[in-house]
Amino acid sequence: RINISLPKQTRIALKTLAKRDAMPEATKASQLLAFALEVEEDIFFGVLANARMKKGGKSIPDSDAIWK
């Protein structure tokens, strides 16, 4: 559990989205935060992959055999 203070416009947006989706504001805030963290993770791994590709690192073949 965390307590956060939100700017007025963010509170209004959160309230509007929660009402639209018929859920409590806390649940909507949790969903939005989880989504934002996934986006940040995608960006991080994209930057990491690009850096590795520029170094000319070893590639892993795209094959289902890897997962067997």
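In the next few minutes I will walk through the fold, the salt bridges, one loop residue, the largest pocket and a surface patch of this chain. Please keep in mind throughout that this is a predicted model, and that what I quote has been computed from it.

Let me begin with the chain as a whole. It has two helices and zero strands, with helix 1 running over 8–20 and helix 2 over 25–54. Of its 68 residues, 4% count as buried, and the chain exposes about 6600 Å², of which carbon and sulfur atoms supply 60%.

I turn now to the charged side chains. How many salt bridges does a search of the whole structure find? The search finds two, and they are linked in a network made of Arg20, Asp21 and Lys28. In one of them the side chain of Arg20 meets that of Asp21, at 2.8 Å from N to O, while in the other the side chain of Lys28 meets that of Asp21, at 2.5 Å from N to O. The three residues are covered to differing degrees, and here the cut-offs help: Lys28 has a relative accessible area of 8%, which is under 20%, and therefore it is classed as buried. Asp21, at 27%, counts as partly exposed, because its value lies between the 20% and 50% limits. Arg20, at 58%, counts as exposed, since that value is over 50%.

Just after Asp21 in the numbering comes Ala22, which is found in the loop between helix 1 and helix 2. What is the sign of phi at Ala22? Phi is positive there, at about 50 degrees, although the residue is not a glycine. For context, most residues other than glycine have a negative phi. Ala22 also counts as exposed, at 72% relative accessibility.

Let me move on to the empty space around the chain. The largest pocket has a volume of about 420 Å³, and of the 14 residues that line it, the closest to its centre are Ile4, Leu14, Ala26, Ala29 and Ser30. The elements that give two or more residues to this lining are helix 1 and helix 2. Which element gives the most to the lining? That is helix 2, with six residues. By character, the lining divides into ten nonpolar residues, three polar ones and one charged one.

Finally, I would like to come back to Ile4, which we have just met among the residues closest to the centre of the largest pocket. Ile4 is found in the segment before helix 1, and, with a relative accessible area of 59%, it is exposed. Together with Ile2, Leu33 and Leu37, Ile4 makes a nonpolar surface patch of about 440 Å². Ile4 therefore qualifies for such a patch on accessibility, because its 59% is over the 30% that patch residues need.

Note on methods: Residues numbered from 1 in each chain as written. Predicted model: local features only at pLDDT ≥ 70, side-chain atom pairs only at ≥ 80, totals over all residues. Heavy atoms only, no water. Patch = residues over 30% accessible without salt bridge, like charges linked within 9 Å, V, L, I, M, F, W, Y side chains within 5 Å. Areas by Shrake-Rupley, 256 points an atom, 1.4 Å probe, with all protein chains shown as cover. Salt bridge = Lys/Arg side-chain N within 4 Å of Asp/Glu carboxyl O. Helix = DSSP H or I, 4+ residues; strand = E, 2+ residues; numbered from the N terminus. Buried < 20%, exposed > 50% of the residue type's maximum accessible area, 1.4 Å probe, protein only. 1 Å grid on protein atoms, 1.4 Å probe; cavity = no way out; pocket = protein on both sides within 12 Å on 5 of 7 lines; lining within 4 Å. Points joined across faces, edges and corners; volume = space filled by probe spheres on them. Nonpolar A, V, L, I, M, F, W, Y, C, P; charged D, E, K, R; others polar.
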